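Let us take a friendly walk through one protein chain. Have the sequence and the 3D view ready, and follow along as we go.

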Amino acid sequence: MFKKILIANRGEIALRIIRTCKEMGIKTVAVYSTADKDSLHVKFADEAVCIGKPQSAESYLNIPHLMAAAEITNADAIHPGYGFLAENARFAEICGEHGIKFIGPTPEMIRKMGDKMTAKETMIAAGVPVIPGSDGLLQSVDEAKALAKSMGLPVILKATAGGGGKGMRVVWEDSEVENAYNMAKNEARAAFSNDGIYMEKFVEEPRHIEIQVAGDQYGKVCHLSERDCSIQRRHQKLVEESPSPFMTPELREKMGEAAIKAASAINYESVGTIEFLVDKHRNFYFMEMNTRIQVEHGVTEEVINFDLVKEQIKIAAGIPISGKNYTPQMHAIECRINAEDPYNDFRPSPGKITTLHIPGGHGVRVDSHIYAGYVIPPYYDSMVAKIITMAQTREEAINTMERALSEFVIEGVKTTIPFHQQLMRDENFRKGNFTTKFTETFKLV
């Protein structure tokens, strides 16, 4: 087992990893930018190293600084968390070149699934259902127009290196193809330095349901059931839950088998997530694979009583997995609390937290790095906490969430707590009647 792990991340996920490492008897190294010197992950790690200025490019994305921090602290492994360099194949490669274990899949696996078009081709070969679309990257506007016409509208243009909703455009009319194509390419080039675009049939009224998987170095793969991530805004997840209210035992079995096929196709090792779109007839299609721990991993942990970060570390250390498939034994819901103003188009609201009260009680888990007096920096993602409630039934989990949100006090900045409070009271949400388009008509009052 590893003796010391450097966590190449910040905030709540860094703190989450530190907690598991402590339970495993592993020493930890926190890294931080000058903007994060007072963050809790810095305070609770065994050692901490400043790696640069506030801008991510000069700190959390600065590979030479991260490697220097690992070497001067004698870390024998690096955990990337999520975001930043978590799915950067070159970073994983450099770790290996320096004799430091990257806690995640191999660079080759990251590359295969990081490029959306390559991933789709891999899934087709593995027999995993995919959304109908272009055979490869589009080479011209004329090709896009011809394909859209032959497939039938609506279609969606996607960046092959995409993520987080960037480089995506839905086309509803023939006259929109050229503009959408150019906008998607320009956005992809700016965001990913890769303007490759492909086209898929646009699935209307979809659910976004993902399957958690784990694979070891010995070819064994299992699934740990599903999470429903359909409540989104501009392709960014707001609420996740397990089990999905749309799921049936038959569909879970089929999706679980498909997820195992997908991970097995690249001999996947580590924990990861296979993301699917599911239409209203419960047909499901591979969307992408995330080769890292997810923001919403805690939802799965609560419904199957399983530490996914511990499993990730054990797999990296060469310990085989059990290979057992899991199904939810409880119901859990997660709300992402962001420092944003939901009454003002979710505008970011960085600043000093003057008052903080974290909810508690039976069935409540809060993962967060904030405290009263903490200053939320403007340089990073606006998520400041994740609140998860769990119970025997979905209705009870929602009721617990409603109660917990009413106790959650964050003053000094605007947060999305009011949005989540109204959502928990919404009749359609409570009935499970929602798709990825739900928030487009959801009016905050």
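Glycine 127 follows helix H6 and has a positive phi, near 80 degrees. This is a predicted model, in which local features need pLDDT of at least 70 and side-chain atom pairs count only at pLDDT 80 or more, while totals for chains, interfaces and linings use all residues. Residues are numbered from 1 along each chain as its sequence is written, and side-chain values use heavy atoms, leaving out hydrogens and water.

Helix H6 itself covers residues 116–126, and among its buried residues are Met117, Ala119 and Met123. Here, buried means under 20% relative accessible area (1.4 Å probe, protein chains only). Helices are DSSP runs of H or I with at least four residues, and strands are runs of E with at least two, numbered from the N terminus. The buried residues of H6 pack against several elements, including helix H5 (107–114) and helix H9 (249–264).

Now to the domains. The assignment, which is automatic or from a database, gives domain 1 (4–103), domain 2 (141–201) and domain 3 (207–440). Between domain 1 and domain 3, 34 residues of the former are in contact with 31 of the latter, where contact means heavy atoms within 4.5 Å. Helix H1 gives the most to the side of domain 1 that touches domain 3, with 10 residues.

What lies between these two domains? The largest nonpolar core, with 35 residues, includes Phe2, Leu224 and Ile313 among those with the most contacts inside it. Because domain 1 and domain 3 both give residues to this core, it lies between them. A nonpolar core is a set of buried Ala, Val, Leu, Ile, Met, Phe, Trp, Tyr and Cys residues joined through side-chain atoms within 4.5 Å. In soluble globular proteins, nonpolar side chains tend to be buried together.

A charged residue can be tucked away too: aspartate 228, found in strand S10, counts as buried because its relative accessibility is 2%. The table gives two polar contacts of its side chain (N or O atoms within 3.5 Å, one able to donate a hydrogen and the other to accept it; residues adjacent in sequence count only if both atoms are side-chain atoms).

| Side chain | Partner side chain | Distance |
|---|---|---|
| Aspartate 228 | Serine 230 | 2.6 Å |
| Aspartate 228 | Serine 244 | 2.7 Å |

Leaving aside neighbours within four places in sequence, aspartate 228 is also in contact with residues including Arg207, His208 and Phe434.

Terms used:
Buried means under 20% relative accessible area, exposed over 50%, partly exposed in between (1.4 Å probe, protein chains only).
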